[in-house]
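User: Could you give me a close look at the loops in this model? Please carry on into the helices and ring contacts that go with them.

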Amino acid sequence: SNIFLLVLLACPSPLSAPPAPTLHTCQGLAPCLPEEGQVNTSGPRLLLATLHPASGSSAAMDRIFSALLLSLLLLLQSYGVCGASPQPRGTLCRTKPTDLVFVIDSSRSVRPQEFEKVKVFMSRVIEGLDVGPNSTRVGVINYASAVKNEFSLKTYQTKAGLLQAVRRIEPLSTGTMTGLAIQFAISRAFSDSEGARVRSPNFNKVAIVVTDGRPQDGVQDVSARARAAGIEIFAIGVGRVDMHTLRQIASEPLDDHVDYVESYSVIEKLTHKFQEAFCVVSDLCATGDHDCEQICISTPGAYKCACKEGFTLNSDGKTCSACSGGSGSALDLVFLIDGSKSVRPENFELVKKFINQIVDSLEVSDKQAQVGLVQYSSSVRQEFPLGQFKNKKDIKAAVKKMAYMEKGTMTGQALKYLIDSSFSIINGARPGVPKVGIVFTDGRSQDYITDAAKKAKDLGFRMFAVGVGNAVEDELREIASEPVAEHYFYTADFRTISKIGKKLQMKICIEEDPCECKSIVKFQTKVEDLINSLQQ
């Protein structure tokens, strides 16, 4: 043919939806590369080269290949490539202009592969920012026994440059001088000479401190000076970090500024929190940029749909259907709760409160909802069977008395108990009544779960899997009913578990007529508020 069109798609990890590709004019045989700042590194990079034979090119062939190229560009713009979905409506957000400095612990306790996870976390946060000289600027401080300024706020003015610089950072692998690093942030990183916009009140100053140990110097006084200087500090602790130290570092309110994860393998789960933190609150409902049929509820940078009284939200999350009424249908609901030692006593108390707040939203009676509770660790213990308690008050009292088991995580054994005992007639289950199991775990199972998980679903039990912290997502998917995406949920910590409550709405209800499932609809509509209360 007269023209050969070479299209190379380089696909990095799909951190976010790709932007509409920009077409650049190419000369001769040189590949066409966008100029710096004109490409989002999270999306595909499109390299085009045209080869012209000496005899010239056919006008007809030119038109054919031009049409092919245009079709390809439209396809990329509409659908994304390499698994990166386009940004959905309802989640668009413009980030606040911010001077952001990461303060990263790379002491000897942080292994090289763990430090790579921190770099991924930083990259994910940067991906969600509007980077530029007049928008957000980013700097990184790397510290151990000494402090290294990896790059300052003025060094890079494009997202591509920042991401490349983050990839080049190496760990220092010595002590843990967290106070010294914070002092460096005050005196150098947030100074005018390093690119901080200290004279403008329109630019926030934010530091994100990531550490996994106890500092070898003081942090309380220097952190107070940083906050007094107008620096908002987020403190992220990993593993065996000293929680008291995190609270000394962070800004108020501490619930919003202190985060803990069990290991570096799950730190990137905090990405969404920080993308929301930098989001400018935009009322998409007021602007009409939504697809809700009846009621639009604004959230920071996004929205969710709801329905008027007498209607229920359909599975598309947008349209509503009229309910036929009813006094509530029967349901046998069993909680299967991980009580292993990794949960920790203080978190186990939160789980108990969470169960009781859910019970508060149910219509409990012989003819409506029945609740059972099973706790497991290295063994399985039935706290109370279905139907033992006939009202909410007695159920909640029994939950409060539940003792923490500690020890191991035998999730497979617990699932087998759920099948053989919890949903048996002898333990209060009612024939013909829908069975729902909610499995809550925070770690990898120490036994085999495949057979029991499959049998539960084969028997018609509707299984929801909820994972926190070090829970293994492959195991959650194996436990969850089909479609798996609607039945398994994961969050890095309790602060983000409200997303699970949102997704659970209208999913537990019976498929034939969700309007009849009054007790569970009531539960679903209250879950998000209950979890928000629990987080306090």
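Analyst: Since the talk will be of loops between numbered elements, here's the convention: helices (H or I, at least four residues) and strands (E, at least two) are DSSP runs, numbered from the N terminus. Bear in mind that this is a predicted model.

Let's begin with the cis prolines. Pro-253 is in the loop between α6 (243-249) and α7 (254-257), and the peptide bond joining Glu-252 to Pro-253 is cis, with omega about -10°. Further along there's another cis bond, from Glu-482 to Pro-483, with omega near -10°. Pro-483 belongs to the loop between α14 (473-479) and β18 (488-491).

Next come the positive phi values. Ser-173, in the loop between α3 and α4, has a phi of about 65° despite not being a glycine. Its relative accessibility is 37%, so Ser-173 counts as partly exposed. Glu-406, in the loop between α11 (392-401) and α12, also isn't a glycine, and its phi is positive, near 65°. Glu-406 counts as partly exposed because its relative accessibility is 39%.

Back to the loop between α3 (159-167) and α4, where Glu-170 is found. At 52% relative accessibility, Glu-170 counts as exposed. In sequence, Glu-170 and Glu-116 are 54 residues apart, yet C-alpha to C-alpha they sit 8.9 Å apart in space.

What about α4 itself? The axes of α4 (residues 178-189) and α5 (residues 220-228) come within 9 Å and cross at roughly 20°. Angles under 35 degrees count as roughly parallel, and α4 and α5 are therefore roughly parallel to each other. Their crossing is left-handed.

Now the rings. With ring centres required to lie within 6.5 Å, the count is seven aromatic pairs. One of these has the rings of Phe-102 and Phe-121, centres 6.5 Å apart and planes at 85°, so it is edge-to-face. This pair links distant parts of the chain, with Phe-102 in strand β3 (residues 98-105) and Phe-121 in helix α2 (residues 112-127), 19 residues apart. Phe-102 has 0% relative accessibility, so it counts as buried, and Phe-121, also at 0%, counts as buried.

That brings us back to loops. The rings of Phe-423 and Phe-461 have centres 4.7 Å apart and planes at 50°, so this pair is tilted. Phe-423 is in the loop between α12 (411-422) and β16 (435-441), while Phe-461 is in the loop between α13 (450-458) and β17 (462-468); the pair links distant parts of the chain, 38 residues apart. At 8% relative accessibility, Phe-423 counts as buried, and Phe-461, at 10%, counts as buried too.

A few more ring details. Phe-102 and Phe-121 form one aromatic cluster with Phe-234 and Phe-274. Over the ring of Phe-274 sits the charged end of Lys-273, 5.2 Å from the ring centre. Elsewhere, the charged end of Arg-197 sits over the ring of Phe-203, 3.8 Å from its centre.

One more helix to finish. α10 (residues 345-360) has 16 residues and reaches 23 Å from first C-alpha to last, close to the expected 22 Å. Its buried residues include Phe-348, Phe-354 and Lys-352.

Notes: Residues numbered from 1 in each chain as written. Predicted model: local features only at pLDDT ≥ 70, side-chain atom pairs only at ≥ 80, totals over all residues. Heavy atoms only, no water. Phe/Tyr/Trp six-rings, centres within 6.5 Å; stacked < 30°, edge-to-face > 60°. Buried < 20%, exposed > 50% of the residue type's maximum accessible area, 1.4 Å probe, protein only. Lys NZ or Arg CZ within 6 Å of the ring centre and 35° of its normal. Expected span 1.5 Å × (residues − 1). Axes fitted to C-alpha atoms, helices over the stretch in contact; angles between N-to-C directions. Parallel < 35°, antiparallel > 145°, perpendicular 65-115°, else oblique. Left-handed = near helix turned anticlockwise from the far one by under 90°.
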